[in-house]
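Visitor: I would like a close look at a single part of this structure. Could you take me through one sheet and what packs on it?

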Amino acid sequence: MPIAQNPLSVEVTLPREDVALLKVEGHLDVDTATEFRHHLANQLHHGRRHFLLDLSEVPFMDSSGMNIVLRVYQEARELPGSVHIIAPTPAVRRVLDLTGVSITVPVSESRDEALARVDAGQTGPEAPGTGAADG
Amino acid sequence: MSGPGQPHEPPEWRRTDPGPASAEPPDTAGTADTAGTAGTADTAGTAGTPDTAGTPDTPGTHEPGAAHEPGTAGPSAAAPGLGAMTPLSPVGRLAATVARLSREVRAAQAEAEGRALIELAKGILVARLGCGPAEAARQLAELAEQSQATPLEFAVDVINQAARDRMSEITDAFLTATGADGGREAAEADGNGAAAGSAAVRLRSAESRALAASDTQAVADALLEQALRPLGAVAVAIWAAGSDGSLTLAGSAGFSPAEAARWRYVPPDVATVARSGLTERAGQWITSLARTGLPSVGRHQYPEGGRAAVPAGTGGRVHGVLEIAWPVPLAPQPPAVVRQVEALAELCAHTLETYTPPPGGPEEPRVMPDAAELMDLADGLHDPALVLVPHLDDAGHLADFRIQHVNKRFLDPAGRPRAVVGGALLLEAFPMAAGDSELFQSVERVYATGEPFRARRMNLTALVDQVPLSATADISISRHGNAVLLIWRIEDETARLASLLQHAQRLGRIGGFEENLLTGEITWNGQLFDLYGRPASSAPVPLEELAAHSHPDDAVAIGRFLRTLLHHRRPASAAFRLQRPDGVTRHVRVVAEPVLDTDDRLLVVRGAYQDISAQHWTEVALAATRDQLAHTEQQAIERNRLTLQLQHAIMPPAQAPLRVPDLQVAVRYRPAETEQLVGGDWYDAVMLPNGMVLVCVGDVAGHGIEAATSMVVLRNALRGLAVTGAGPGQLLSWLNIVAHHLTGGVTATAVCGLYDPARRTLRWARAGHLPPVLVRGPEAAPLPLVKGMLLGAVAEAVYEEDEVQLAGEDTLLMYTDGLVERRDRTVEESLAQLLSTARPTPATLDQHLDRLLTYSRSDTDDDTCLVGIRVG
């Protein structure tokens, strides 16, 4: 089963007191989403408000992975806090665009860029309706 | 060597011709010797051979009291008579003078050869003793004196010991057999000083000259003079065998030049003495040529004479034949003589190996295809083929064949992979080849003679786990260059089993079919027409239309069956309810397997239907009993079944067609293969009160009853909202609110379009879903990706809209990612691949959707929805 074939590795570092940087390696799919969810819940529990998700080593993400990202996005927004995605691979970037998640969750090219956005208090495209979604 | 005499071995006839030969050995022995002398007189003038049985041991050495077996045609068993020529006539005198002169010449030659042998022995001693040549010569003389042998004999002894070759064996055997003569000869050799005193010396001399000779002609001369005349023979012919089975006279002695020229070439398949010798490993020993009726060189000269034709081969390969002629009928020869002749034949083979026919003679291809070319050839064959190369043992004898190559069609009867068989030795890989089938013997013979071997219905046996399994095969073996090509065709199982199958089909109520996917040709047997309840004159039903003849609830099972068979190209089976035109429903199982061509393309599908109605109800009854016994398990199953039923109720796998003018609408739903993975995919296609047609597909994240429930909510909500007449962007915006406020915080994706039949336009929007695909003529491409967040993730979202103008024959497809989702490639790549598979666009939209489902290459076990509209 994919669990054995594609183990998920999540490495957590704290660039700031309230900022958690999660470097994810492996497929984010139905088999690994729960584990990823536990990592995020743990950081929420420890009072982090901003979540930087480095997805540069994630070759594949399905809707289960997407839902975890959206959940932490919703939970962070209520704190209030923010979620940033860093350097997604083309395949993951494609899914983010397809599902419109990139409309809501800002995508940064690097960790420094994401940290700068956290510092600027800019959480990316603001409330739906005001952003790029207008055709 | 020249020790005391031993009793002769009892005569052991290797080969005899039918006839009274063996009953009259004493006579023939006598006449053979007489003729030996007479023969030379006849052949005076050829190649320096006119001598009177040349050897000093002939007349005077005959000791009546010696312990001779009557049949021994030993060199010394000579008779005094000189035949027709008497020394009294002038011609006779002249002949006697010539004979004397040539005897002197010959003695000088022999002496020279003897010196060559002594030099060779000295060389061996130099190497062995590490001494100089002078010392070696001294040693040789001393040792010879000690062993009371002549230096020449001792030299031969030294060479024999050093060589330890076949020639030594033969020599030893020969000397043992003629021990008494040997001892006496040695004594006489001392006495008259002639070099060619003993058989050992004679053989070595022949070998020495044969090996030194540059051509087969010289070899023939040497053999006749050195080795064969003492046996009473008068002439010798050395034939080179062509790969086509022809024979070329490579050298001869004792025949007149005119006769030799007449026989310079014998075409293939002409039965001659030499040819009969080519195919018999032991050679042909013919008592009298006249009795066999076989033609051969010099037949008119010696019509009643005996002949021997022995294959001349090295390392298992026959290069030609050594034919020896006697002037008189030939008694069966003792083993020692037979072995000696065989050794001489082997000598010839060494020369023949490099023999090139003289220019202008019959040409044969000298450039033989080598094993590499043969492997290419083997790969091009449609039957299993092996390329074999000879495997020699340390002594240079053919021991086995190495399987150099097995072609692609090769199927091991024992089921071993090709790599295991390739490279192995034939007898190791197929130990039974040496058994009753005589396969190995056939290969050996083809290799030896070059004569191809064909056999029909040969019985082959293979050991499978120590169990011998036999198969009947057509065999073809041929030699190419130094390799052997072995081809077999296992007798067509299909043909053999046809009648058996007929009976089985009848008894099992099985209907067989075969569909050619390239030509569309379908073959049914009579039983299948009965099973379908259709007249035998009606057209067979193609597999792709199976669903149309079955219960609607079985559409999924049939779809999966077709997908496994046609797309995954694996054998598949399915059970379904066949609805016959007469209203009868039968439970039927269909099993089928794909047949691929060499390019791995699907060529033919063949299989069978079986009426399992009776069996089916038994199974149902058994299942009910099992359910009662496993109550808890049943509950879990029940839950899944209910979920599935719920899903089926809301979304039948196929829906009744929607009636819209100038528009075909078709939908498909394929549940996940595992029942636990009840999914949240949905589709809808409905005519709205304002005349617009709503088409949509959606996908709720996750699986199970919750996903299915959410799906129902969203689907119904969208239907209700659509009645308001709002545009697709607005509809998705509202649907997002519904999704966001559903408990559990589900997310979902959807694509939603409103088709205006009057304007033939589709206005559409998407919420995180794959955009629709437009198929126009040969082109198929997704519509541009308008922006739209997936449903339920945020409280409010806005959805971009787009409009596309459709034309007649355009097809628009909406689908969920179960159709194309793969981890190893993008959705776009999967989609492009899938659409190209579905080309050319099938005649009806329903067929188009079916084909897409069948050939979808998704690797996730997910449910799949597909909606299509076709204009026109």
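Guide: Happy to; here is a walk through the sheet of chain B, followed by a short stop at a helix of chain A. Please keep in mind that this is a predicted model.

Let us start with the strands. The open sheet of chain B is built from six strands, arranged in the order β3-β2-β1-β6-β5-β4 and paired in the antiparallel sense. At its edges you will find β3 (265–266) and β4 (284–286) of chain B, each of which pairs on one side only. Now look at two neighbours in that order: β1 (residues 235–241) and β2 (residues 247–253) of chain B are joined by six bridges in an antiparallel pairing. Within this part of the sheet, B:A240 is found opposite B:T248 of β2(B).

Next come the helices. Helix α8 of chain B, residues 216–228, packs on the sheet and touches β1, β2 and β6 (317–325) of chain B. The direction of α8 makes about 50° with that of β2(B). Helix α16 of chain B, residues 439–449, lies across β1, β5 (307–314) and β6 of chain B, and runs at about 70° to β6(B).

For the short stop in chain A, turn to helix α4 (residues 90–98), where A:V92, A:V95, A:L96 and A:L98 are buried. Viewed down the axis of α4(A), its buried residues fall within an arc of 165°, so they line one face of the helix. Those buried residues pack against β3 (50–57), α3 (63–77), β4 (82–86), α5 (101–104) and β5 (107–108) of chain A. Just after α4(A), A:G100 adopts a positive phi of about 75°.

Technical notes: Residues are numbered from 1 along each chain as its sequence is written. Chains are lettered from A and ligands numbered from 1 in the order in which they are written. This is a predicted model: local features need pLDDT of at least 70, side-chain atom pairs count only at pLDDT 80 or more; totals for chains, interfaces and linings use all residues. Two strands pair if DSSP finds at least two bridges between them. Helices (H or I, at least four residues) and strands (E, at least two) are DSSP runs, numbered from the N terminus. Two residues are in contact if their C-beta atoms, placed from the backbone, lie within 7 Å. Axes are lines fitted to C-alpha atoms, for helices over the stretch in contact, and angles run from 0 to 180 degrees between N-to-C directions. A residue is buried if 20 or more other C-beta atoms lie within 10 Å of its own, exposed if 12 or fewer, and partly exposed in between; C-beta atoms are placed from the backbone. The arc is that of the directions from the helix axis to the C-beta atoms.
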